[in-house]
Structure formats: C-alpha cells, structure tokens
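Visitor: I would like a close look at a single part of this model, with the terms spelled out. Please begin with the contacts and then work outward.

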Amino acid sequence: AGIRKRNEEWKRGSLGLLGVMILFLLIYTVNRGLLLNDIGLQELASSRGVTPANSSLTPVSGVGNPSNANPASRSCVSPASVASQVASGNVCAGVSCTVLSGCQYSRYASIIEAESRASNIDPRITTVIMCKESRANPLAQNRNPNGTYDCGLMQINQQTPCDATSLDPTTSIRRGVALIREKSNSASVRQTYGGVPANAGLFASYNCCANGTVPNSPSVDCNQASGFPSSIPKWACPINPGDGQFNMCVVKSYACELVACLNSL
C-alpha cells in the first residue's frame, strides 16, 4: 500500500511538472515577451487611436503625432548627408510616397475640390495631407499625451473628444483647408530656403508643434557656420532634433513624404 501511494504521488508530481513545461512552451511560442517581462506596453501606449463601436475602420495617428510607433527612437541621418542633399538642391531627396496607397481619396474629391478652391488652396495639398493624417478614414480619432483630441479626415486638434460634428467629412475637410490656409499665410512658412522643396515647410507646419516649436524657423544648428551650404529650417536639421513626438526627424519624414506624394498626383 505504501509503495502504491508513493507511485501515485510520483505520477501526480510528474504530470504536474509536465503540465508546467507544456504551459511554458505554449507561452514562449505565443508571447515570449511575457516571460521576458516585456509585454509591449510601449507599443500599446502608442496605439492611442479609438474607433467607435460598429465601425470596421481603423484609427490612425493625427496632427501632432506623426505616424510612427516610437517617434523618440527615429534616427536622424548624418549632418553631412543632409548638407550634401541641400547642396544638390533637395533636402528631401530619396524619400518616396507610401500614404496614397490604399487611401481612397476619390470618395471625397468633390468636397476637397470645392473647399480648397474656395480658399485658393491646391486641392492636391489637401488630398495628400488627408491621406497622411487618416488614410481617408472619416472615423479616425486620436487622443494626444496632452489630453487633446485629433478628429476626422484631417485630424483637426480640439480640446474635447471627437463627436459627430468633428467626424463629419465635410466639416473636417473645411477645417483642414482653413488650417492649411492659416499655415500657408504665416511668415515662417512663407520663408524660403535653398535646397528645400516648395510646400515642405507648409507640410511640416501642419504637422508640428503643440509645444510651441516653429518648425520652419531657421535652424541655429544647421547653417553655413556649421558646414552647411546655406541655412535650412529647423525641421530639416538633424542636429538637436528634440524628443518624442516633436522630434524634427519625424517631422522631416512627414513633410518630405508629402512632397513626394504631391509630385505623384
């Protein structure tokens, strides 16, 4: 009887150990990060978009939050490389357009045309910004770290959560065009730089910055004194670019891609 009891205890112990090993292998296969104390909280925190119930559309990042999983980690190209691009006449050289792919902007072409023409804005500018901001998702919304919200097709920033009015396509496009016009009329955007494509400053300004940074102001780090052929805007300078969502390298990526997209329409 004693031997049988010990055998049963040994079997139960062995089965328990086998179960633990199987559970470990399953967790390791499905989510190894859980075992390594890394369950992806940073990536989870960066997915700030919220889509209303009953919607199959997916949220995207908005104004002030460039589409980038971890903006703080975006590496800048070397200052020498940027200086070479400026000397060759295009600080956005080599950047391609990806946001027009899958962006069904034709759905809103008539609204974009009417609102843009009424404000003397090139409809193509409105189109590429909309595709970058929301991929033509009218329900796109995002909550920013400062507690504000970005809403709708043009990801217009506001203090209160997105509602039916702010998500209305016509309203969002109209507000977006008004913002584009406001930015295009600002003194900083009107300032031109050698080697910087037209409208790049406008795109950078639309995207940045809630912390008060003026992205198209002359850089104090990238100029002739530091080896550049000419002065360039802050958003194009890879030296001291800033942190997090206000990293100028992220802003440059945003602005240069929209320049490429504008040229492809």
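Which residues in α10 meet which residues in α11?

Guide: The model is predicted, so local features need pLDDT of at least 70 and side-chain atom pairs count only at pLDDT 80 or more, while totals for chains, interfaces and linings use all residues. Residues are numbered from 1 along each chain as its sequence is written, and side-chain values use heavy atoms, with hydrogens and water left out.

From α10, the residues are A200, F203, A204, Y206 and N207, and they meet V251, Y254, A255, L258, V259 and L262 of α11; contact here means heavy atoms within 4.5 Å. By class, this contact holds 10 nonpolar residues, one polar and no charged. Nonpolar covers Ala, Val, Leu, Ile, Met, Phe, Trp, Tyr, Cys and Pro, charged covers Asp, Glu, Lys and Arg, and the others, Gly among them, are polar.

Helix α10 spans residues 200-207 and helix α11 spans 248-264. Helices (H or I, at least four residues) and strands (E, at least two) are DSSP runs numbered from the N terminus. The two helices pack at an angle of about 130 degrees, with their axes 8 Å apart. Axes are lines fitted to C-alpha atoms, for helices over the stretch in contact, and angles run from 0 to 180 degrees between N-to-C directions. The pair α10 and α11 is therefore oblique; angles under 35 degrees are roughly parallel, over 145 roughly antiparallel, 65 to 115 roughly perpendicular, and the rest oblique. The crossing of α10 and α11 is right-handed, meaning that the near helix is turned clockwise from the far one by less than a right angle, whereas anticlockwise would be left-handed.

The loop between α10 and α11 contains C209. The peptide bond from C208 to C209 is cis, with omega near 10 degrees.

Helix α10 has a further partner in α8 (residues 169-184): their axes come within 9 Å and cross at roughly 120 degrees. That angle makes α8 oblique to α10, and the crossing of this pair is right-handed. On the α8 side the contact uses G176, L179, I180, K183 and S184; on the α10 side it uses L202, S205 and Y206. This contact has four nonpolar, three polar and one charged residues. Y206 of α10 therefore takes part in the contact with α8 as well as the one with α11.

Beyond these helices there is an open sheet of three strands in the order β1-β2-β3, with antiparallel pairing. Its edge strands are β1 (141-143) and β3 (156-158), each pairing on one side only. From one strand to the next, the twist averages 20 degrees. Strand β2 (residues 149-151) runs antiparallel to β3, to which three bridges join it; strands pair if DSSP finds at least two bridges between them. C151 has I156 in β3 as its bridge partner.

In the loop between β2 and β3 lies Q155, which is not a glycine yet has a positive phi of about 50 degrees. Q155 is buried, at a relative accessible area of 0%, where buried is under 20%, exposed over 50% and partly exposed in between (1.4 Å probe, protein chains only). A136, in the loop between α6 (123-134) and β1, is also not a glycine and has a positive phi of about 65 degrees. A136 is buried at 7%.

For context, the protein chain has 11 helices and three strands, and 40% of its 265 residues count as buried.
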